[in-house]
Amino acid sequence: MRTALILTLGFDERFCYRAILRHGVSEDDKIVLFSGRVVERVRRAYEWIRTFLRASYPNVETRLVELNVNDVIGSLERVLRVINELKGYRLVVNLSGGMRVLSMIVLFALILAGIRDLTLEVELEDFSGVVEIPNALLLLPSVK
């Protein structure tokens, strides 16, 4: 099954590299990077990721999606549209990079989308490990 790797991106691309290498990607997979405002440091991090992917995985589609984190509802809608475009892909979501509010927006979008089959992870800031979030927690808001 094709994989879509969803990543949050800030000024540092290391979390993205580690997720890509940990999960592996192959031909026809997709990588979607969500970022806040794309300033020069974010653009530079994205270009490093693209350079790495072109050299190692030339047939992997990479997309940078800029979100206005001050417009939470609009950003949620945009993330939900992107998630809906990824139907038929196995989702791997890494919320380690970028601003905390960015990770929260992506997490809320996953909850609203009601996706049950995904891998959700957060890497520790000191790079000492990765915490996988149980999928059942995404369904808690729907439990009565």
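Helices and strands are taken here as DSSP runs, numbered from the N terminus. With that naming in hand, D28 can be placed in the loop between α1 and β2. The structure is a predicted model, and this loop is a convenient place to begin reading it. The backbone of D28 has a positive phi of about 75°, although D28 is not a glycine. Most residues other than glycine have a negative phi. With a relative accessible area of 45%, D28 is partly exposed. A second residue of this kind is F127, where phi is near 65°, again a positive value in a residue other than glycine. F127 belongs to the loop between β5 and β6, the latter spanning 130-133. Its relative accessible area is 24%, so F127 is partly exposed, given that buried means under 20%.

Helix packing comes next. Two packed helices are described by the angle between their axes and the distance between the axes. For α1 and α2, the angle is about 25° and the axes are 10 Å apart. That angle makes α1 roughly parallel to α2, since angles under 35 degrees count as roughly parallel. The crossing of these two helices is right-handed. On the α1 side, the contact is made by C16, Y17, I20 and L21, and these meet W48, I49, F52 and L53 of α2. Sorted by class, the contact of α1 with α2 has eight nonpolar residues, with no polar and no charged ones.

The second helix pair is α3 (residues 72-85) and α4 (residues 100-113), whose axes come within 9 Å and cross at roughly 60°. This crossing makes α3 oblique to α4. Here, too, the handedness is right-handed, as α3 passes α4. From α3, the residues in contact are V72, S75, L76, V79, L80 and I83, while α4 contributes I105, V106, F108, A109, L110, L112 and A113. By class, this contact holds 12 nonpolar residues, one polar residue and no charged residues.

I31 offers a view of the surroundings of a strand residue. I31 has its place in strand β2 and, at 1% relative accessibility, counts as buried. Leaving aside residues up to four places away in sequence, I31 touches L5, L7, I20, V25, L53, V60, E61, T62 and R63. Two of these names are familiar from the helix pair above: I20 of α1 and L53 of α2 take part in the contact between those helices. The C-alpha atoms of I31 and C16 are 9.8 Å apart in space, with the two positions 15 residues apart in sequence numbering.

Turning to charged side chains, a search of the whole structure finds eight salt bridges. One of them joins R22 to E123, with the closest N and O atoms 3.5 Å apart. R22 lies in helix α1 (residues 14-23) and E123 in strand β5 (residues 118-123), so this pair ties together parts that are 101 residues apart in sequence. The two partners can be set side by side by accessibility: R22 is partly exposed, with a relative accessible area of 35%, whereas E123 counts as buried at 2%. This pair also belongs to a wider arrangement, in which R18, R22, E121 and E123 are linked in a network of salt bridges.

Another salt bridge brings together the side chains of K30 and E61, at 3.9 Å from N to O. It links distant parts of the chain, with K30 in strand β2 (residues 30-35) and E61 in strand β3 (residues 61-66), 31 residues apart. E61 counts as partly exposed at 42% relative accessibility, and E61 is also among the residues that I31 touches.

A salt bridge within one helix is formed by E40 and R44, whose closest N and O atoms are 3.9 Å apart. Both residues lie in helix α2 (residues 40-56), and they are four residues apart, about one turn of the helix. R44 counts as partly exposed at 43% relative accessibility.

Finally, A136 lies in the segment after β6. A relative accessible area of 54% makes A136 exposed, because exposed means over 50%. From A136 to I105 the distance is 18 Å, C-alpha to C-alpha, and the two are 31 residues apart in sequence. I105 is one of the α4 residues in the contact with α3.

Key. Residues numbered from 1 in each chain as written. Predicted model: local features only at pLDDT ≥ 70, side-chain atom pairs only at ≥ 80, totals over all residues. Heavy atoms only, no water. Salt bridge = Lys/Arg side-chain N within 4 Å of Asp/Glu carboxyl O. Buried < 20%, exposed > 50% of the residue type's maximum accessible area, 1.4 Å probe, protein only. Axes fitted to C-alpha atoms, helices over the stretch in contact; angles between N-to-C directions. Parallel < 35°, antiparallel > 145°, perpendicular 65-115°, else oblique. Left-handed = near helix turned anticlockwise from the far one by under 90°. Contact = heavy atoms within 4.5 Å. Nonpolar A, V, L, I, M, F, W, Y, C, P; charged D, E, K, R; others polar.
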